[in-house]
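Biologist: I'm new to this one. Could you show it to me and let me ask some basic things?

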Amino acid sequence: GWHSVALDAEGLRVFPRLEAVVQARGLPNSQPGDRSLCFGIAGLDAMLGGGVSAGSTTLLAGAPGTGKTLSGLAFLTAGAERGEAGLYLGFREAPNRVLVKADGVGLGLRAQADAGRVELRWIPPLEVLADALAAEVLAAVRARDVRRVFIDGLDDLRRTCVPAGRFPAFLAALTDVLRARGVAVLFTQEFSRPFGHDPALPVDEMSAAVDNVLLYRYVEARGRLHRLLSVLKVREYESDVTVRE
């Protein structure tokens, strides 16, 4: 098949298509891991029965401004406080803006980043090779034995990195490699309907790659916006299906 090639200051580099690598090498069968990977947010952890599993993939889907990114940053902070290395990969906000956002709600992310327990990487959504990005993520995971990865912006990954039609297979391959290493992965994704009961989530095309789905949305009542959170899916475990503000 076709593989990505980069010609830069380091010379000519080839990045094998991730799906082909996974198919050729195979992956060990992974079992559900420790479920105590918490967010450090008491109410959310209670809804999830304690947290998410090691080696699981969680989608934080919802409207802009509903708390998806902050939830992911809280997840990395909670892991770092337990000695688990974390990696943040963002497409829209540079690390300094991410840290300011975390500071604004009292998260201790800055201290964990300064200590080297959480690494913040910014990928400007311009010309990005999907397989080069995957190689960068996997190299960072191996180098620091990362246990938690937060990719903030699944839509940006889809638009800027992965050719049309390849995205589901690429995402499945990436999550399979990380799952085999016992890494818990979080993605955020926005949907175009900020209100109502039918968000039209594009989850079907990546259902095989996602273990858990959290839905963040707005409801308008008496002239005021309320942010609601619900658990749509938790694979292999029961969860609290109550919609909470």
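Modeller: Sure, and let's begin with the overall make-up. The protein chain has eight helices and nine strands, where helices (H or I, at least four residues) and strands (E, at least two) are DSSP runs numbered from the N terminus. Keep in mind that this is a predicted model, where local features need pLDDT of at least 70, side-chain atom pairs count only at pLDDT 80 or more, and totals for chains, interfaces and linings use all residues. Residues are numbered from 1 along each chain as its sequence is written, and side-chain values use heavy atoms, with hydrogens and water left out.

Biologist: What share of the 245 residues counts as buried?

Modeller: Buried means under 20% relative accessible area, exposed over 50%, and partly exposed in between, with a 1.4 Å probe and protein chains only. By that rule, the buried share of the 245 residues is 49%.

Biologist: In what order do the seven strands of the open sheet run?

Modeller: Two strands pair if DSSP finds at least two bridges between them. The pairing in this sheet is mixed. The edge strands, each pairing on one side only, are β5 (118–122) and β9 (224–234). Read across, the order is β5-β4-β6-β7-β3-β8-β9.

Biologist: Which residue of β7 is the bridge partner of Asp-152?

Modeller: Start one strand over: β4 (residues 86–90) and β6 (residues 148–152) pair in the parallel sense over five bridges, with Gly-86 opposite Arg-148 and Gly-90 partnered with Asp-152. β6 and β7 also pair in the parallel sense, over five bridges. There, the β7 partner of Asp-152 is Thr-188.

Biologist: Which residues of β6 point the other way from Arg-148, Phe-150 and Asp-152?

Modeller: In a regular strand the side chains alternate between the two faces of the sheet. Five of the five residues of β6 are buried, so this strand is largely enclosed by the rest of the structure. Arg-148, Phe-150 and Asp-152 point one way, and the residues pointing the other way are Val-149 and Ile-151.

Biologist: At about what angle does helix α3 run to β6?

Modeller: Axes are lines fitted to C-alpha atoms, for helices over the stretch in contact (heavy atoms within 4.5 Å), and angles run from 0 to 180 degrees between N-to-C directions. Helix α3 (residues 68–81) lies across several strands, including β3 (57–62), β7 (184–190) and β8 (212–221). Its angle to β6 is about 160 degrees.

Biologist: Which residues does Thr-77 contact, leaving aside its neighbours within four places in sequence?

Modeller: Thr-77 lies in helix α3, and at 3% relative accessibility this threonine counts as buried. A polar atom of its side chain lies 2.9 Å from the backbone oxygen of Leu-73. Beyond those sequence neighbours, the contacts of Thr-77 are Gly-108, Leu-109 and Gln-112.

Biologist: And helix α1: which helices do its buried residues pack against?

Modeller: The buried residues of α1 (residues 18–25) are Leu-18, Glu-19 and Val-22. They cover an arc of only 100 degrees around the axis, taken from the directions from the helix axis to the C-beta atoms, which puts them on the same side of α1. On the other side, Ala-24 and Arg-25 are exposed. The buried residues pack against α6 (130–144) and α8 (167–180).

Biologist: Last one: what separates the C-alpha atoms of Leu-157 and Val-128?

Modeller: Leu-157 lies in helix α7 (residues 154–160) and is buried, with a relative accessible area of 3%. Val-128 is 29 residues away along the chain, and the C-alpha separation is 8.9 Å.

Notes. A polar contact is a pair of N or O atoms within 3.5 Å; within protein, one must be able to donate a hydrogen and the other to accept it, and residues adjacent in sequence count only if both atoms are side-chain atoms.
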